[in-house]
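Colleague: Please take a close look at one part of this model, the largest nonpolar core. Which residues in that core touch the most other members?

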Amino acid sequence: MLNEIKVALRGLVKTPGFTAVAILTVALAIGANSAVFSLIDAVIVRPLPYHDPSRLVLLWEQFSAQGLDRIPVSAPEYLDFEKEFKSVDQIAVFDYTAFNLANGGTPERISGAVVSPALFSLLGAEPMSGRTFAREDQGVGHDDMIVISERLWNRRFNSDPFLLGKTLILNGRSYTVIGVMPKAFEFPIPLFNVQGGQFAERVDIWKPIAFPPEELKARYNRSYGVIGRLRPGTSVASAQAELKTIVANWMRLYPDNYSTAAGFGARVYPLHEQVVGGVRTGLIILLGAVGFVLLIACANLATMLLARASARERELAIRVALGAGPWRVLRQLLTESVILAVVGGAAGLLLSVWGLELLKRIGARTIPRLAEVNLDFSVVAVTTAVSLGTGILFGLIPALVSAKPELTEALKEGGRGSTAGTRRNRIRNSLVVAEIALALVLLVGAGLLMKSFVRLQNVDPGFNSSKVVTMELSLPLVKYPSPGASYLGGESTISFFTEAHRRIAELPGVQANACTSILPLSGTNSDSSFSIEGRAMKAGSPGPDEEIRTITPDYFRVLQTPLQRGRFFNDADTATSEEVVIINEALARKCWPGQDALGQRITFSDPRKPGVKWITIVGIVGNIRHRGLDLEPQPEYYIPHTQSPARSMILAVRSGQDPRELVSAIRREIQSMDPEQPVANIRTFDTVVADSVAPRRLSVLLLGLFAAVALLLAAVGTYGVISYLVVQRTHEIGVRMALGAQRSDVLRLVVGHALKLVGIGIATGVVLAIFSARALSALLYRVGAFDPVTFILVTGLLGAIALLASYIPALRATRADPMIALSRNT
Amino acid sequence: MPATQQTIASESTRPPISNGSAPLIHLDGVTKVFLTDEVETHALSGIHLDIRPGEYISIAGPSGCGKSTLLSILGLLDTPSGGSYSLKGGEVANLSFPERARIRNREIGFIFQSFNLIGDLTVYENVELPLTYRGMPASERKHFVTEALERVGMGHRSKHLPSQLSGGQQQRVAVARALAGKPAILLADEPTGNLDSRNGEAVMDLLKELHAAGATICMVTHDVRFAQHADRTVHLFDGRVIEDNRIAA
């Protein structure tokens with residue numbers, strides 16, 4: 001065996017060009033496969049990093065009649081679940097929050113979560129130091145403690161070993177640090193397709209929950225996520241049945257809050273499914289794509305090995321003539337291909353390490369559990385097996401063909417093409433056809449996604465995001481107290497934002513500035529139901545429940561969203577003036593079809609009761625795509641901040657130049673008003689929009705990349721086969737030239753052969769693509785899976801590249817000297 | 001200038017030789033030098049040769065004497081390093097590649113030692129090939145091909161592949177291919193080299209028949225028996241013509 005390895009290595013070193021191309025081919029394919037396999041292993045296959053994660057479920061509610069699915073739960077509903085839901089042996093509540101940390105230095109806003117103390121034991125998570133919350137650490141007055149992440153401990157406190165027991169000032173209140181969670185711990189974990197909540201950022205501070213008293217009375221105020229651990233042996237279906245009973249009971253007890261017509265219900269979802277469900281299809285498509293790349297690379301490798309075996313036909317014949325048995329020849333050839341595959345596989349692993357690092361950078365906001373992705377033993381084992389399999393399987397084809405050379409022909413000086421040669425040609429041609437077909441499938445997929453993406457980029461979102469910078473401001477309750485609900489501020493909150501707008505407006509370069517409670521395409525949302533004046537509330541029928549935002553007067557000027565009728569908010573709309581609202585066209589059409597919505601009135605209170613506060617529609621604005629560029633605009637309504645002073649707002653500033661240049665001046669103005677007030681999540685509006693299509697961009701990028709690799713490999717394959725064909729047919733070409741063939745005739749001959757292969761490959765590929773494109777349907781936007789333009793363009797591109805790849809050797813053939821060609825006895 | 005011995009052995013009894021007419025081919029001081037690894041090899045050194053229409057000439061000589069190089073230059077497969085070469089009165093020594101291909105296609109018919117039939121093409125298609133390059137319409141090609149195949153007695157094998165024929169039959173097809181376009185001259189490079197003596201004789205008889213019918217033939221051979229079939233033998237040695245014998249029938 002050692003001898004075979006030595007001979008194989010010597011042979012490979014002697015042909016560095018062949019060896020390099022073969023190794024690179026395998027490396028590209030194995031690299032792509034290892035990277036995607038690592039991704040799938042970490043994201044889909046590996047269990048979530050919690051104790052017995054298969055029993056973890058999330059509990060969401062729904063109003064199916066209004067299209068609201070997987071919405072959060074209110075505080076009283078959660079407390080009912082805690083008491084009544086027996087299918088789980090542990091249950092916990094959580095919500096995202098933000099903390100303004102101002103312990104000396106620059107004030108900073110830090111993402112955090114409020115959680116019930118049971119959460120940590122439910123997840124089986126232990127702190128790396130200190131402790132987590134005890135059962136009694138909850139409720140107003142018992143929540144002055146926090147657990148922080150290792151990341152924050154390290155970054156902000158320089159891994160201070162004495163931090164435990166110390167006090168931090170968060171949102172103007174003192175909290176004692178009681179524990180530090182290990183680096184790997186993450187909860188809430190990014191979730192996908194959840195409406196009405198902000199579930200995206202990684203949190204660094206956990207605080208025990210303390211439901212404000214007003215929330216405990218409001219069953220409709222839903223903002224909490226609920227996680228439970230199913231009792232051993234309890235199925236999701238039986239838990240679901242129990243929930244149905246609980247909800248039916250609520251409907252009886254609280255008829256004002258729930259109606260059958262609204263389709264209210266509660267459902268449990270396995271946590272794993274919730275975390276990875278949104279990316280599963282995309283990852284499976286990627287796996288298919290890299291599988292195709294691997295097949296193409298294997299076909300390429302086999303083609304190259306076949307050509308090499310052809311060139312060595314005489315050498316092999318001599319070996320056999322001297323007594324080497326077929327197994328010995330087979331072993332020699334296989335050794336060579338296995339060496340190529342193993343070295344290529346190792347290079348591929350290196351490529352995948354780099355690829356994964358790159359993916360972690362570009363996919364951070366797109367793919368869940370990305371931090372857990374690594375090349376572990378299983379990935380290395382699978383890669384090794386695939387590499388060896390590739391080497392053996394695809395080395396076997398040429399080896400089997402060459403192991404029994406036809407001695408009399410091969411050994412004859414000037415021996416003509418043997419049957420092995422014909423067989424090799426047929427296999428080589430078939431492999432190129434397969435490569436082209438597979439590459440076409442990938443290219444069609446990438447083409448369809450690209451076209452979707454371009455269509456998406458050209459969608460009018462209803463606003464102009466360029467030259468706008470956004471940032472988040474969250475005024476703490478302690479410093480900016482509220483007379484009523486804790487999420488709303490009071491006079492001090494209104495004054496803060498009014499003054500901030502005044503100061504920012506005076507900064508040079510600022511064209512307009514405003515605040516909103518919810519920024520379009522930012523991934524957050526809020527909705528609220530209301531009643532319309534003059535329309536009787538029907539028992540059991542749901543009233544309108546639409547998306548609501550709180551804004552300051554210049555909001556639509558910053559967004560450049562057109563006013564259709566009426567007016568924008570202005571300084572005359574105060575806390576004490578007539579209550580007003582602006583609606584969008586979609587809401588006007590939905591609630592006042594065929595009528596003039598302007599001047600109509602709505603209310604948040606029960607219109608059947610006395611003392612109703614009516615809110616007058618004073619303006620109608622254009623529609624804005626809020627949930628996603630690919631989703632139709634929804635009905636929306638806007639209320640002035642002075643009449644609903646939310647404490648957490650997003651500041652948006654339109655500038656005449658690059659808006660990022662304004663950031664330090666804005667921050668200075670904010671901190672001159674309140675030195676402890678951090679400005680967080682500073683992003684240009686363009687970035688917000690770009691982030692909203694990041695998953696699509698990533699799919700386009702990755703599939704495009706793999707398609708490009710496939711195209712390159714197919715081109716190399718075609719080039720190799722046609723080059724070999726030219727060498728093989730040099731003699732024939734010489735004869736033709738001797739008979740008077742012009743260069744164009746030779747060119748036609750060679751390119752014609754390539755054209756035949758490319759044609760068959762493309763025809764096969766189109767059929768395959770028609771079947772496989774269906775899998776992409778869910779990822780497409782305004783592009784059919786069988787989009788003829790994409791099919792034609794992609795076919796043209798592949799055909800052109802493949803023909804170009806064959807044109808180069810064909811051109812070489814036309815330059816052949818007929819005399820030399822004829823003197824070659826091939 | 002090397003000494004050239006020109007001997008007229010006897011007056012040919014056959015009419016095709018027309019020494020008085022203008023030469024079909026006229027070589028004047030043709031040289032060919034190959035450069036390999038900075039070493040100059042003089043394959044041909046000042047060849048003077050006239051071939052007249054209807055002549056049957058054989059070029060003989062030992063291995064490496066320059067026979068094949070001379071035939072390549074005559075067949076416009078190669079260009080001379082010096083001297084002039086005129087075919088049918090026109091200078092062809094330094095033509096472009098397409099021009100040479102065009103003249104090769106119309107004026108020259110090749111017969112190779114190893115037949116050089118294209119294995120994937122049928123007998124008919126092989127013979128048709130040079131006519132295809134000429135841009136001749138299919139109906140006309142059919143006429144020419146059929147005629148050529150009938151002439152060599154291979155009309156009944158037109159649909160066969162070369163691999164289905166014997167060596168002698170393959171060479172007959174190669175002769176038909178050379179004839180099909182009615183070239184001014186047939187150049188045969190060791191046409192019997194790959195054949196047994198019986199088939200070799202048959203091919204030589206065929207060439208003789210063609211010559212009798214008026215074809216101009218230039219054949220390279222080292223086989224003295226076959227060289228005698230020609231009515232003129234040119235002997236080469238070290239790239240020079242050392243003897244030019246016109247043989248009586």
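Modeller: In this predicted model, the largest nonpolar core holds 249 residues, and those that touch the most other members are A:V293, A:I436, A:A439, A:L440, A:L442, A:F706 and A:A710. The element that gives the most to this core is helix α7 of chain A, residues 271-311, with 21 residues. Leaving aside residues up to four places away in sequence, A:V293 touches A:A29, A:A32, A:F706, A:V709 and A:A710. Another core lies apart from the largest one; this other core has 55 residues, among them A:L473, A:F496, A:V558 and A:I650. As a general point, nonpolar side chains tend to be buried together in soluble globular proteins.

Next, the contact between the two chains. Chain A puts 15 residues into the contact and chain B puts 18. On the side of chain B that touches chain A, α2 and α3 of chain B each supply at least two residues. The largest share of that side comes from α2(B), with six residues. By type, the residues on this side of chain B are nine nonpolar, six polar and three charged.

Helix α2 of chain B, residues 97-107, also has buried residues, namely B:R100, B:A101, B:I103, B:R104, B:N105 and B:E107. Within chain B, the buried residues of α2(B) pack against β5 (82-87), β7 (108-111), α3 (123-134) and β8 (185-189). In chain A, the buried residues of α2(B) pack against α19 (730-738).

Terms used: Residues are numbered from 1 along each chain as its sequence is written. Chains are lettered from A and ligands numbered from 1 in the order in which they are written. This is a predicted model: local features need pLDDT of at least 70, side-chain atom pairs count only at pLDDT 80 or more; totals for chains, interfaces and linings use all residues. A residue is buried if 20 or more other C-beta atoms lie within 10 Å of its own, exposed if 12 or fewer, and partly exposed in between; C-beta atoms are placed from the backbone. Helices (H or I, at least four residues) and strands (E, at least two) are DSSP runs, numbered from the N terminus. Two residues are in contact if their C-beta atoms, placed from the backbone, lie within 7 Å. Ala, Val, Leu, Ile, Met, Phe, Trp, Tyr, Cys and Pro count as nonpolar, Asp, Glu, Lys and Arg as charged, and the others, Gly among them, as polar. A nonpolar core is a set of buried Ala, Val, Leu, Ile, Met, Phe, Trp, Tyr and Cys residues joined through C-beta atoms within 7 Å.
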